Amino acid sequence: MTTNKWMIDTNDAVLLLIDHQSGLFQLVRDIEYTTLRNNVTTLAKVAHIAKIPTITTASVPEGPNGPIIPEIHQSNPDAVHVPRSGPINAWDHRPFVEAIESTKRKTLLIAGTLTSICMAFPALSALAAGYKVFCIVDASGNHSQMATDLTIARVTQAGAMPIDTFAVMSELMNTWNRPEAMDFAKVMIDHIVPAYGALMESYDTAQKSVK
């Protein structure tokens with residue numbers, strides 16, 4: 001796959017899912033709860049299909065922040081979890097950075113809850129360390145819309161590229177001419193655009209009628 005500096009190179013990408021924890025989800029006010037959860041699950045599934053290394057971490061999961069939502073590792077059993085206790089910025093936790101470095105990849109797809117902290121802080125740190133960074137905004141819930149707007153401006157000014165879950169999925173999929181195309185389509189229908197399922201049903205029925 002050929003790409004340019006503004007797009008995701010699947011051969012260089014790592015997905016970072018940071019602090020998607022049940023307690024922190026209860027603080028989210030800028031995106032509907034089920035939508036956020038769906039988007040995070042989508043990323044985990046798509047990364048697994050596309051064979052994108054995936055790293056998760058959680059902030060004090062034994063405390064009020066709560067555990068990581070189970071769908072992530074259920075959907076992506078190859079995801080590597082790096083436990084941490086203490087650092088708010090995941091990038092300040094050396095084992096987390098070492099897990100990224102071990103992939104030998106330099107393009108980071110970052111989502112985190114809360115957006116202005118758990119997504120933004122590692123994104124800014126990664127940019128300073130020379131990584132190419134995509135911030136997945138609709139898989140990163142925040143405590144207010146204003147905080148999200150400010151965060152998007154902040155990370156963009158620093159050099160990150162804000163992006164949404166469907167765009168990430170489409171760039172990782174790249175083409176319908178691949179053996180896993182229907183696997184991607186199923187994730188699309190189950191989590192992102194259910195109406196596409198109705199479109200496929202109509203098409204299948206029309207094709208059968210022609211035959």
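Select Lys-51 in this predicted model: Lys-51 sits in the loop between H2 and E2. Helices (H or I, at least four residues) and strands (E, at least two) are DSSP runs, numbered from the N terminus. The phi of Lys-51 is near 60°, a positive value in a residue other than glycine. Lys-51 is exposed, at a relative accessible area of 64%; here exposed means over 50%, buried under 20%, and partly exposed in between (1.4 Å probe, protein chains only).

Residues are numbered from 1 along each chain as its sequence is written. Because the model is predicted, local features need pLDDT of at least 70 and side-chain atom pairs count only at pLDDT 80 or more, while totals for chains, interfaces and linings use all residues; side-chain values use heavy atoms, with hydrogens and water left out.

Next, select Lys-104, in the loop between helix H4 (94-101) and E4. Lys-104 is not a glycine, yet has a positive phi of about 65°. Its relative accessible area is 71%, so Lys-104 is exposed.

Continue to Thr-113 and Leu-114, which are joined by a cis peptide bond with omega of about 10°. Leu-114 belongs to the loop between E4 and helix H5 (115-128). As background, most residues other than glycine have a negative phi, and most peptide bonds are trans.

Now turn to the interior. The largest nonpolar core has 35 residues; such a core is a set of buried Ala, Val, Leu, Ile, Met, Phe, Trp, Tyr and Cys residues joined through side-chain atoms within 4.5 Å. Select Ile-8, Leu-15, Leu-43, Leu-109, Ile-136, Val-168 and Leu-172, which touch the most other members. Two or more residues of this core come from each of strand E1 (13-18), helix H2 (33-50), strand E4 (107-112), strand E5 (132-136), strand E6 (161-163), helix H7 (165-173) and helix H8 (181-192). H2 gives the largest share, eight residues.

Centre the view on Val-168. Which residues are in contact with Val-168, leaving aside its neighbours within four places in sequence? They are Ile-8, Leu-43, Leu-109, Ile-136 and Ile-163, where contact means heavy atoms within 4.5 Å. A second, separate core of 25 residues can then be selected, including Val-14, Val-97, Ala-126 and Val-155.

Select Ala-58 in strand E2 (residues 54-59). Ala-58 counts as buried, at 1% relative accessibility. Not counting residues up to four places away in sequence, Ala-58 touches Asp-19, Gln-21, Ile-68, His-81, Val-82 and Arg-84. A C-alpha to C-alpha distance drawn from Ala-58 to Val-80 gives 12 Å, across 22 residues of sequence.

Move to Thr-175, in the loop between H7 and H8. Thr-175 is partly exposed, with a relative accessible area of 32%. Its C-alpha atom is separated by 17 Å from that of Thr-165, ten residues apart along the chain.

Finally, show the whole protein chain, with its nine helices and six strands. The radius of gyration (taken over C-alpha atoms) is 17 Å, close to the 17 Å that the globule rule (2.2 Å times the number of residues to the power 0.38) gives for 211 residues, so the chain is as compact as a globular protein of that length. Along the principal axes, the C-alpha atoms fill a box of roughly 65 × 35 × 30 Å. Of the 211 residues, 50% count as buried. Among contacts between residues at least 6 apart in sequence, 77% join residues at least 24 apart.
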